[in-house]
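Let's take a walk through a protein together, one stop at a time. Keep the picture open beside you and look up each residue as we reach it.

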Amino acid sequence: MLFKIKVLCAGMTLLLCSLLSFAQQINYPPVDKVAADFKKLLERPRVPLNPSLTITQTDSVITEHGFIYSEKNERVPILIYKPVTGAKSYPAVIFLHGTGGKKEDSKGMLYQLVKRGIMGVAIDARFHGERIAGGAHGAKEYVAAATAAWENKDKGHQTHPFLFDTAFDLWRVTDYLASRPDVDANRIGMGGISMGGMETWLAASVDKRIKVIVLDIAVQSFKWSLDNDKWQGRAGTIRAAHLQAAKDLGDSVLNKRNVQAVWDKLLPDITGEFDCPSLLRLMAPRPMLVVGTENDSNCPLPGADIAYASAMQAYTSKNAADKIMRDVAPKLPHTSTPAHFKMTLDWFSKWL
């Protein structure tokens, strides 16, 4: 298996060509249809952003902490690190935490972005951080929300707390940043780790205002994991919801059938037109860095290879193969590495 891939010019390796052939057999719809379908699925009534932030300043950074509204009853907690250089406007990067985390987990990334003259922005995903009454308890509330969404019988009020709803929030955060006079709206990037990276490829795929993308331990194929019995790691991130579904469907253990039932309800078409190999095509020709690890059970490497090959074809077709790069750290499980942290910073610095 190829552990490290850096694509700097047109053309694909034999491995990528082979993987692309597999991906093409799935026969995804055209990218314009995928984008329209995904926007239609996630869209919901929009309300004024009504930002409310408290500003503090030190010698090295201006910090803003507060919230915006993405929906009528959805306040999105937001943390902003801004350079103190006094420039008229700055490029900005939205960086997202993983399952069970919170926006403050990204402070190190935000601070390093500021040192490079970039505004750093983090939010709490739904059912994380300040979005939990009384304080968060890891992923407990997130998993409970996924379980409730599975058990919901009202088809007219189906929520999608597992990834999709936060992707909509990210569109609204981008609305907010684009409205700020101190943000260069033509230089906004987005990235994240694990769940945050998945929310990134969901949101950024159809939001062309996101000009630069970084995906860290986040690229996979839901369909491949089902077809090849490698769904266990991903299902484990909301295990209680899957166990409830298995029980409701009359199963004593998790299996492909009940896992797919949860994904079909909470993430409609995630094994079809909204799977990662399909949505990554929509990133081209915007600069995109994909980093991961060899032994990632949440994002099995063969499925990640297929997604990358699909993206690579789209970039090559647009003469943009120099704008996509991948690095896979050998022998490691689902974890973000210091080397990938630096690559992330360098990628945003280079392209924003």
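**A walk from surface to interior**

Our starting point is Lys208, which counts as partly exposed because its relative accessibility is 47%. Please remember along the way that you are looking at a predicted model. To find Lys208, look in the loop that runs between helix H6 (195–206) and strand S7 (210–216). Lys208 belongs to a positive surface patch, together with Lys39, Lys211 and Lys318.

Now let's turn to a residue in another loop. Ser106 sits between strand S4 (90–96) and helix H3 (107–115). Is Ser106 buried or exposed? With a relative accessibility of just 5%, Ser106 counts as buried, since the cut-off for buried is under 20%. Which residues does Ser106 touch, leaving aside those up to four places away in sequence? They are Phe95, Leu96, His97 and Ala122.

Next come the salt bridges, where side chains of opposite charge meet. The count for this model is 27 salt bridges. A good one to look up is the pair Asp346 and Arg116, whose side chains meet at 2.8 Å, N to O. Asp346 is in helix H13 (residues 338–351), while Arg116 is in the loop between H3 and strand S5 (119–123), so this salt bridge ties together parts that lie 230 residues apart in sequence. Asp346 is partly exposed, as its relative accessible area is 30%. Arg116 is partly exposed too, with a value of 36%.

Stay with Asp346 for a moment, because its side chain also meets that of Lys342 in a salt bridge, at 2.8 Å from N to O. How far apart are Lys342 and Asp346 along helix H13? They are four residues apart, so about one helical turn separates them. Lys342 has a relative accessible area of 48% and is therefore partly exposed.

For our last stop, look at Arg126 and Asp169, which form a salt bridge with their closest N and O atoms 2.8 Å apart. Arg126 lies in the loop between S5 and helix H4 (140–151) and Asp169 in helix H5 (residues 164–179), so the pair joins parts 43 residues apart in sequence. Both Arg126 and Asp169 are buried. These two residues also belong to a network of salt bridges, in which they are linked with Arg44, Glu71, Glu74, Arg131 and Asp165. Try picking out each member of that network in the picture.

Note on methods. Residues are numbered from 1 along each chain as its sequence is written. This is a predicted model: local features need pLDDT of at least 70, side-chain atom pairs count only at pLDDT 80 or more; totals for chains, interfaces and linings use all residues. Side-chain values use heavy atoms; hydrogens and water are left out. Patches are made of residues with over 30% relative accessible area and no salt bridge: like charges are joined within 9 Å, nonpolar side chains (Val, Leu, Ile, Met, Phe, Trp, Tyr) within 5 Å. Accessible areas come from the Shrake-Rupley method with a 1.4 Å probe; for residues, only the protein chains shown count as cover. A salt bridge is a side-chain nitrogen of Lys or Arg within 4 Å of a carboxyl oxygen of Asp or Glu. Lys and Arg count as positive and Asp and Glu as negative; His and the chain ends are not counted. The place of a charge is taken as NZ of Lys, CZ of Arg, CG of Asp or CD of Glu. Helices (H or I, at least four residues) and strands (E, at least two) are DSSP runs, numbered from the N terminus. Buried means under 20% relative accessible area, exposed over 50%, partly exposed in between (1.4 Å probe, protein chains only). Contact means heavy atoms within 4.5 Å.
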